[in-house]
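Work through the exercises below with the model open. Each task is followed by a stepwise solution.

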Amino acid sequence: MQQSMQRSRGGKGDAFCLGSGCKSERAASNYQQQTDFFEDYLKKLKEKTVEMDDKISGAEFRLVQNVQENGNLRSKVAQSPDKVLRALEEKKLAREEARNAERLAMHTLHEKTSLVEVFSKVGGS
């Protein structure tokens, strides 16, 4: 009966394993490594979940703001046709009044210029 002796790689000193005892220690060590890996992985996933939740909350907030702004803009654009026509007529009327005032000012200027010419001819002769 020969039994091989192997040195344990469990990291807990210089214990020797006989036969199948080392297999169970290696299995336990592998299991511990996998457990550590999955715990770290789970921790990272939880951190990413928190980040994603924050991003989603921010996006939802911006969406609500955009919906409100969209509603405000629609209320400005979607006026009744009567209001739009009335505003257009008021603008046309104001433009016409400005043109008439300009014409009157030009007429008055020509009259005064003519009077100045007449006075300068009468006074200069």
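## Exercises on a predicted model

Y41 lies in helix α1, which covers residues 21–77. The model is a predicted one.

**Exercise 1.** Classify Y41: is this residue buried, partly exposed or exposed?

*Solution.*
- Step 1. Recall the cut-offs: buried is under 20% relative accessible area, exposed is over 50%, and partly exposed is in between.
- Step 2. The relative accessibility of Y41 is 45%, so Y41 counts as partly exposed.

**Exercise 2.** Which residues make the nonpolar surface patch of about 430 Å²?

*Solution.*
- Step 1. Start from Y41, one of the patch residues.
- Step 2. Add F37, F38 and L45 to complete the patch.

**Exercise 3.** Find the negative surface patch: which residues form it?

*Solution.*
- Step 1. Take the glutamates E47 and E51.
- Step 2. Add the aspartates D53 and D54.
- Step 3. Place D54: this residue belongs to helix α1.
- Step 4. D54 has 53% relative accessibility and therefore counts as exposed.

**Exercise 4.** In what order do the elements of the protein chain run from the N terminus on?

*Solution.*
- Step 1. List the elements: the protein chain has two helices and two strands.
- Step 2. Order them from the N terminus: β-β-α-α.

**Exercise 5.** What percentage of the 125 residues of the protein chain count as buried? How much area does the protein chain expose?

*Solution.*
- Step 1. Apply the cut-off of under 20% relative accessible area. Buried residues make up 2% of the 125.
- Step 2. The exposed area of the protein chain is about 11,900 Å².
- Step 3. Carbon and sulfur atoms supply 57% of that area.

Methods:
Residues are numbered from 1 along each chain as its sequence is written. This is a predicted model: local features need pLDDT of at least 70, side-chain atom pairs count only at pLDDT 80 or more; totals for chains, interfaces and linings use all residues. Side-chain values use heavy atoms; hydrogens and water are left out. Patches are made of residues with over 30% relative accessible area and no salt bridge: like charges are joined within 9 Å, nonpolar side chains (Val, Leu, Ile, Met, Phe, Trp, Tyr) within 5 Å. Accessible areas come from the Shrake-Rupley method with a 1.4 Å probe; for residues, only the protein chains shown count as cover. A salt bridge is a side-chain nitrogen of Lys or Arg within 4 Å of a carboxyl oxygen of Asp or Glu. Helices (H or I, at least four residues) and strands (E, at least two) are DSSP runs, numbered from the N terminus. Buried means under 20% relative accessible area, exposed over 50%, partly exposed in between (1.4 Å probe, protein chains only). Lys and Arg count as positive and Asp and Glu as negative; His and the chain ends are not counted. The place of a charge is taken as NZ of Lys, CZ of Arg, CG of Asp or CD of Glu.
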